[in-house]
Amino acid sequence: MLFNSVSFIFLFLPIVLLLYHSVDRFRFRGKDLVLNLILLVFSLVFFCWGGFKVAIKTLPALVSIVLWNYLMALFSKKWKPFLIIGVVGNIAFFFYYKIWNELAKLIEGLFTSNLTIDKLVIPIGLSFILFHGISYLLDIWHSKAKPNKNFAEFALYMLFFPKLAQGPIVKYYEFEPYFRGRSVGFEDFVSGLERFIVGLAKKALIADVLATTVNQIFFSVDVPSIWIGLVLFTLQLYLDFSGYSDMAIGIGKMFGFKLPENFNFPYASPSVSEFWRRWHISLGSWFKEYLYIPLGGSRKGNVYFNLIIVFLAVGIWHGTSFLFLLWGLTHGLCVAMERFLNKKGWFEKIPKLIRWVYTIFIVNIIRLVYKVQDIDGFWLYLKRMFGLEKVQEELNFTWEYFLSNRVIGLSLISIIGMIVFGNLRIQNRLRQWNKESIEFSIVKYVILASLFFLSVCAVMTSKYQPFLYFQF
């Protein structure tokens, strides 16, 4: 089920909210357990909504992962190494699902016969679920948490539907305080609803519109169109993914959970290192705590080697093909280089504008791996972008066709919005007006109501538009 679907907006979410808050109004013994079970049951419904055939193939894997981590944590009371066995098991789950399909493609490609190998149906949000399991076991290992005997609580941590498919990744010790005694005030609920609407508008009104043009461009185009496509894809990916995070955080608030922020205007970053402190923050924080620091971080071993290993791991998390190893290696080398230049005191001497251009260029050029099928396709697009190879195909459209008034307008709105709302002074001023000005509140709610109405219209009239990071 998608957050930007009619069934979710007008059926699933209202039913869960109504049932949850109807029960939450009363005081009775065991209320926390009942509320947790409501969310757990509906999280499973959310997972299975794609259809019985898909659910029957993927639900056993999902339940197995949850049970595996639950039992390994309990067994660790008698023998602590069960935690490490549990972590290894999670990694094995990951590679089994990620690598099997790649191997199947490779084997089929080696034979000219009609050899076909059954491919695995990967459970939605598999990577995110496994990361939650690993963090749970490692938090226990480092005494940041204790094994949870309450299966409903632990299963809710693993499967809570707002973060099930695409994060944010929440560490166990961050989530644990919300198992019992959480409350949802009126302001929290309204704030969550506002955040949900903003995320829905990002996805439905801008990202999905840009996606249509991006998909056309990355088919067969001239050199200017490829550059235009890369810029539009940059905006689409950010608005799509941050839109999902906004919606997930907003839904969490409406149920009394505070999920971590996942984005902080990353395109304002003057370095690749800072970009990763602002982009997919929960992923970067996870790898820092559970891989970079255990490797030695900046205190033990070779810090540059540690950084490259971490980003190679991030690349493998995105995909097991050589393309994503190249993606991870590129980011790792850039972060390591910046670390070295900072140590020498040279990096900060470079004008900030030049550092920003370098960051945006590197981050987005390597994103071509998202749009091509193999390494040959990557090099082909790269050569075309810099005029090193002419387009041989007959072109139906050139770059002028893609720059419609609608695309230009939405792109400008996106860029101006990021510049304006990314300014700390403006953020503080808006918060102040929101607290003190009735007129500001009226204007805000008129805008939000309009955005919701337009977003629903877009959802109802558009084709199936999954979130981009569902594939990871």
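How many cavities of 30 Å³ or more does a search of the whole structure find? Just one. Keep in mind that this is a predicted model, where local features need pLDDT of at least 70, side-chain atom pairs count only at pLDDT 80 or more, and totals for chains, interfaces and linings use all residues. Residues are numbered from 1 along each chain as its sequence is written, and side-chain values use heavy atoms, with hydrogens and water left out.

**View 1. The largest cavity has a volume of about 50 Å³.** On a 1 Å grid over the protein atoms alone, a cavity is a set of points where a 1.4 Å probe fits but cannot get out. Grid points are joined across faces, edges and corners, and the volume is the space filled by probe spheres set on them.

**View 2. Here's what lines the largest cavity.** Look for Phe275, Trp276, Trp279, Trp327, His331, Val363, Ile366, Arg367, Tyr370 and Tyr469 (lining residues have an atom within 4 Å of a point). Two helices, α11 (272–278) and α14 (322–344), each supply at least two of these residues (helices are DSSP runs of H or I, at least four residues, numbered from the N terminus).

**View 3. The largest pocket has a volume of about 2300 Å³.** Of its 48 lining residues, Glu194, Arg195, Val198, Phe421 and Leu430 are the closest to its centre. A pocket is an open set of points with protein on both sides within 12 Å along at least five of seven lines. α9 gives the most to the lining of the largest pocket: twelve residues.
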